[in-house]
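Open the model in your viewer and keep the selection tool at hand. We will go from stop to stop, with a note on what to select at each one.

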Amino acid sequence: MLPQEEKTFIPNFDKLVHATLFGTFVFLWSIYYASRKEKNNQSDSRFVLIVLIACLYGYGTELMQKYIIPNRDYDIYDILADSIGALLGYLIVRLTVKWFKTS
């Protein structure tokens with residue numbers, strides 16, 4: 001956070017924003033790959049790669065805030081929120097795809 005940034009009335013609202021953004025990122029890319037008609041589309045390796053990229057991106061942005069961007073804070077809980085959001089995005093896609101296949 002920037003030092004003079006006003007706090008919201010919702011505690012840890014920024015963590016919810018982090019989780020939502022990274023969950024949406026993984027959800028959209030996973031839906032894209034799940035909807036493609038390819039021979040080996042059922043492999044989880046693409047989905048794991050998408051989640052891994054999202055987690056590494058979240059970690060990388062926190063490192064940049066720590067070492068490169070002045071007046072920004074490194075927050076391990078932001079990384080955790082990013083990772084949880086990414087995993088939730090993946091789980092929602094898997095449940096959605098499974099539900100549509102059984103319907």
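Start on the outside of this predicted model, with a nonpolar surface patch to which α1 and α2 (45–67) each supply at least two residues. Select Phe25, Trp29, Tyr32, Leu49, Leu52, Ile53 and Leu56: together they make a patch of about 690 Å². Colour by helix and you will see that α2 provides the largest share of this patch, 4 residues. Pick out Leu52, which lies in helix α2. Leu52 has a relative accessible area of 46%, so it counts as partly exposed.

**Zoom out: the whole chain**

Now switch to a cartoon view. The secondary structure comes to 3 helices and 0 strands, and from the N terminus the elements run α-α-α. Of the 103 residues, 25% count as buried. The protein exposes about 7,700 Å², with carbon and sulfur atoms supplying 68% of that area. If you draw the contacts with a separation of 6 or more, 68% of them join residues 24 or more positions apart.

**Stop one: the core**

Which residues make up the largest nonpolar core? Select Phe22, Val26, Phe47, Ile50, Val51, Ala54, Cys55, Ala86 and Tyr90, 9 residues in all. The elements that give two or more residues to this core are α1, α2 and α3 (76–102). With 5 residues, α2 gives the most to this core.

Next, click on Ala54 and show what surrounds it. Once its neighbours within four places in sequence are set aside, Ala54 is in contact with Phe22, Phe25, Val26 and Ala86. Two of those names may look familiar: Phe22 and Val26 belong to the core you have just selected, as does Ala86. Phe25, on the other hand, is part of the nonpolar surface patch from the start of the tour.

**Stop two: along α2**

Hide the rest and keep α2. How far apart are its end C-alpha atoms? They are 32 Å apart, which agrees with the 33 Å that 23 residues should span at 1.5 Å a residue. Now select the buried residues of α2: Phe47, Ile50, Val51, Ala54, Cys55, Gly58, Thr61, Glu62 and Gln65. As you step through the list, keep the helix geometry in mind: an α-helix has 3.6 residues a turn, so residues three or four places apart point the same way. Bring the other helices back, and you will find the buried residues of α2 packing against α1 and α3.

**Stop three: along α1**

Move over to α1, which has 23 residues. From its first C-alpha to its last, α1 reaches 33 Å, close to the 33 Å expected at 1.5 Å a residue. Select Lys15, His18, Phe22, Gly23, Val26 and Ser30, which are buried in α1. The buried residues of α1 pack against α2 and α3.

Stay here for a moment and centre on His18, found in helix α1 (residues 13–35). Is His18 buried or exposed? Buried is under 20% relative accessible area. His18 is at 19%, so it counts as buried. Which residues is His18 in contact with, leaving aside its neighbours within four places in sequence? They are Glu62, Asp78, Ala81 and Asp82. Glu62 has come up before, among the buried residues of α2.

**Stop four: outside the helices**

Finish with the parts that lie outside the helices. Select Asn12, in the segment before α1. With a relative accessibility of 54%, Asn12 counts as exposed. Check its backbone too: Asn12 has a positive phi of about 55 degrees although it is not a glycine. Why is that worth a look? Most residues other than glycine have a negative phi.

Then go to the loop between α2 and α3, where you will find Asn71. Asn71 also has a positive phi, of about 65 degrees, and it is not a glycine. Its relative accessible area is 56%, so Asn71 is exposed.

In that loop between α2 and α3, also select Asp73. Asp73 counts as partly exposed, at 45% relative accessibility. For a last distance, draw a line from the C-alpha of Asp73 to that of Leu63: they are 10 residues apart in sequence and 9.3 Å apart in space.

Notes. Residues are numbered from 1 along each chain as its sequence is written. This is a predicted model: local features need pLDDT of at least 70, side-chain atom pairs count only at pLDDT 80 or more; totals for chains, interfaces and linings use all residues. Side-chain values use heavy atoms; hydrogens and water are left out. Buried means under 20% relative accessible area, exposed over 50%, partly exposed in between (1.4 Å probe, protein chains only). Contact means heavy atoms within 4.5 Å. Accessible areas come from the Shrake-Rupley method with a 1.4 Å probe; for residues, only the protein chains shown count as cover. Patches are made of residues with over 30% relative accessible area and no salt bridge: like charges are joined within 9 Å, nonpolar side chains (Val, Leu, Ile, Met, Phe, Trp, Tyr) within 5 Å. A salt bridge is a side-chain nitrogen of Lys or Arg within 4 Å of a carboxyl oxygen of Asp or Glu. A nonpolar core is a set of buried Ala, Val, Leu, Ile, Met, Phe, Trp, Tyr and Cys residues joined through side-chain atoms within 4.5 Å. The expected span of a helix is 1.5 Å times one less than its number of residues.
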